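Okay, thanks everyone, I'll keep this short. Have a look at the model first, and then we'll talk about aromatic rings.

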Amino acid sequence: MLRTSRLLATRRLLPLGYSPAACKRLQYSHAARSAEGRPRVHANSQGSLSSWLHHSGLLQRSPALRNAGPALLYQNALRYEPGTAISSTGALIATSGKKTGRSPRDKRVVEEASTVDDVWWGPVNKKLSGESFSANYERAVNYLNTRERLYVFDGYAGWDPKYRIKVRVVCARAYHALFMNNMLIRPTQEELETFGEPDFTIFNAGQCAADPGVEGVGSETSVAISFERKQMVILGTEYAGEMKKGVFTVMHYLMPKAGVLSLHSSCNEGPDGDVSLFFGLSGTGKTTLSADPQRLLIGDDEHVWTKNGVFNIEGGCYAKTIDLSAEKEPEIFSAIRFGSVLENVTYNPHTHVADYSDSSITENTRCAYPIEFIPSAKVPCVGGKPQNIVLLTCDAFGVLPPVAKLTPAQAMYHFISGYTAKIAGTEEGVTEPEATFSACFGQPFLVWHPVKYAQMLAQKMQENNVSVWLVNTGWNGGAYGAGKRISLKYSRAIIDAIHSGELRDAEYSTYGVFDLQIPTAVSNVPARVLDPSQAWEGTPEEFNGTISKLAHLFQANFKKYADKATPDIIAAGPRL
């Protein structure tokens with residue numbers, strides 16, 4: 001049996017869609033071509049990179065393209081990756097295969113002595129042994145050694161030099177390399193030449209199925225992180241978002257450990273330097289509402305709050321494109337051009353015009369683009385201390401108001417609760433909005449216990465006298481299937497009213513069971529929409545039954561955190 005690595009190659013190595021026999025032929029064919037002296041391509045710092053690859057078990061029978069430019073990555077993707085095309089606006093259209101969303105059930109964290117007491121173990125962070133991680137690692141390296149082309153991208157996570165980490169991505173698809181070129185912070189040529197050893201490495205062998213027989217794996221998909229080894233291994237999924245969220249998970253562990261608060265949020269800055277944070281899961285409007293032509297965009301998804309202000313973790317944006325239009329989201333629409341990656345988007349075969357209304361592949365169609373493609377982006381992506389925090393939720397029951405002003409205790413209650421609805425397509429198996437609670441509006445990416453993040457946020461809010469708002473971008477007039485999704489123009493008008501100070505000086509009324517303060521009027525938003533009980537198109541009995549049901553769900557969920565929450569926070573929840 002041909003060895004494809006210095007590491008043991010005794011485990012079954014089966015790329016997705018390949019039979020064992022085909023995989024063996026592919027390995028043999030690759031070795032034969034390497035022996036023929038096929039030329040290899042290396043970037044600057046060839047010696048140090050080659051040494052690192054060799055030490056990692058990557059024998060470089062294939063050319064390792066380091067930080068290749070978009071044009072070369074386009075060329076290779078179009079030539080070697082079926083289903084790839086160029087859109088009419090110049091973006092690379094790529095497909096992620098069977099997996100079109102994250103696979104949270106297949107995420108694992110290695111149980112290690114140095115971190116075992118830090119990690120919030122349970123459904124979010126499932127334990128994996130070091131031996132099983134090593135098996136996954138060997139499998140990934142063995143697979144990467146069979147590839148004709150390897151890509152290496154070196155970049156940074158974090159715009160603040162004091163806290164940033166060096167991230168290296170090793171992958172076999174040009175699409176993945178371009179994606180991470182867009183999502184990480186791109187180093188200058190000088191920074192690249194002196195990059196040195198990475199602080200964290202992603203080995204993406206997503207085209208190769210995981211071995212379900214490895215203890216703790218259990219399926220053909222595995223996304224595993226070892227904080228001690230400073231590595232992430234991806235098997236059995238080609239969805240590029242796994243790499244992006246893997247980096248965030250690492251930062252979500254390292255930053256609180258360093259005494260600063262990592263946040264699953266978008267962030268923008270007004271003309272007067274006022275900064276706003278937007279919390280929310282995928283599909284709640286975080287990217288859309290923070291891309292405001294009247295304000296500078298600091299980032300659309302991941303940030304860190306220090307004593308000096310905030311900084312973006314990423315160098316790009318990853319926007320949903322389903323039903324995207326130039327009218328609704330002009331800045332995102334215009335960002336889809338050469339250098340961007342359109343993911344799982346269909347297009348007209350004759351004109352290559354992207355069809356953003358087509359969800360035949362997935363509802364979770366996406367575009368990844370460098371943040372500077374947004375005209376209003378602030379680069380470097382750093383800002384001052386936040387003045388407003390917006391907790392975005394997508395209420396599938398249709399009973400939460402479009403906007404409410406929160407007390408400090410309510411802010412903590414709703415931050416810890418993280419109520420929203422999973423939007424179709426963002427995770428495997430989700431085909432319609434599904435009510436859920438996601439602690440800190442980012443439970444899938446938490447490493448520490450949610451209360452740790454909440455306590456750090458509470459301290460920041462108190463120190464900076466921050467105003468906090470609950471904004472519902474979900475349903476109004478009825479639950480999902482009966483009511484309608486709140487219009488984007490109304491949500492934008494609400495955010496404008498927050499930033500202008502209109503809502504700070506508005507009149508408020510108390511909203512029933514949830515004891516929320518809702519404004520009686522907001523410019524450019526119908527008054528009837530502001531009060532869900534007035535907008536409800538069913539009977540009063542149906543409304544009361546629905547809001548009571550949601551209140552019970554809130555109460556049941558919060559029991560998980562009540563033992564670590566203060567009495568005022570517990571009392572800030574709904575009352576029946």
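I'll go through some ring pairs, and then some charges that sit over rings.

Keep in mind that this is a predicted model. The count here is 21 aromatic pairs. Take tyrosine 239 and tyrosine 318: their ring centres are 6.4 Å apart and the planes sit at 45°, so we call that pair tilted. And where are those two in the chain? Tyrosine 239 is in the loop between strand 10 (231–235) and helix 7 (241–257), while tyrosine 318 is in strand 16 (residues 316–320), so the pair ties together parts 79 residues apart in sequence. Buried or exposed, tyrosine 239 and tyrosine 318? Both of them are buried.

Next up, phenylalanine 437 and phenylalanine 554. Here the centres are 5.0 Å apart with the planes at 85°, so this pair is edge-to-face. Again, distant parts of the chain get linked: phenylalanine 437 belongs to strand 25 (residues 434–437) and phenylalanine 554 to helix 15 (residues 540–558), 117 residues apart. Phenylalanine 437 has 16% relative accessibility, and it counts as buried because the cut-off is under 20%. Phenylalanine 554 is at 0%, so that one counts as buried too.

Those two phenylalanines also belong to a cluster joined by ring pairs: Tyr413, Tyr419, Phe437, Phe514, Phe554, Phe558 and Tyr561.

Last bit, the charges. Lysine 127 has its charged end over the ring of tryptophan 121, 5.3 Å from the ring centre. Arginine 337 puts its charged end over the ring of phenylalanine 373, and there the distance to the centre is 3.7 Å.

That's it from me.

Methods. Residues are numbered from 1 along each chain as its sequence is written. This is a predicted model: local features need pLDDT of at least 70, side-chain atom pairs count only at pLDDT 80 or more; totals for chains, interfaces and linings use all residues. Side-chain values use heavy atoms; hydrogens and water are left out. Rings of Phe, Tyr and Trp (its six-membered ring) pair if their centres lie within 6.5 Å; planes under 30 degrees apart count as stacked, over 60 as edge-to-face and the rest as tilted. Helices (H or I, at least four residues) and strands (E, at least two) are DSSP runs, numbered from the N terminus. Buried means under 20% relative accessible area, exposed over 50%, partly exposed in between (1.4 Å probe, protein chains only). A charge sits over a ring if NZ of Lys or CZ of Arg is within 6 Å of the ring centre and within 35 degrees of the ring normal.
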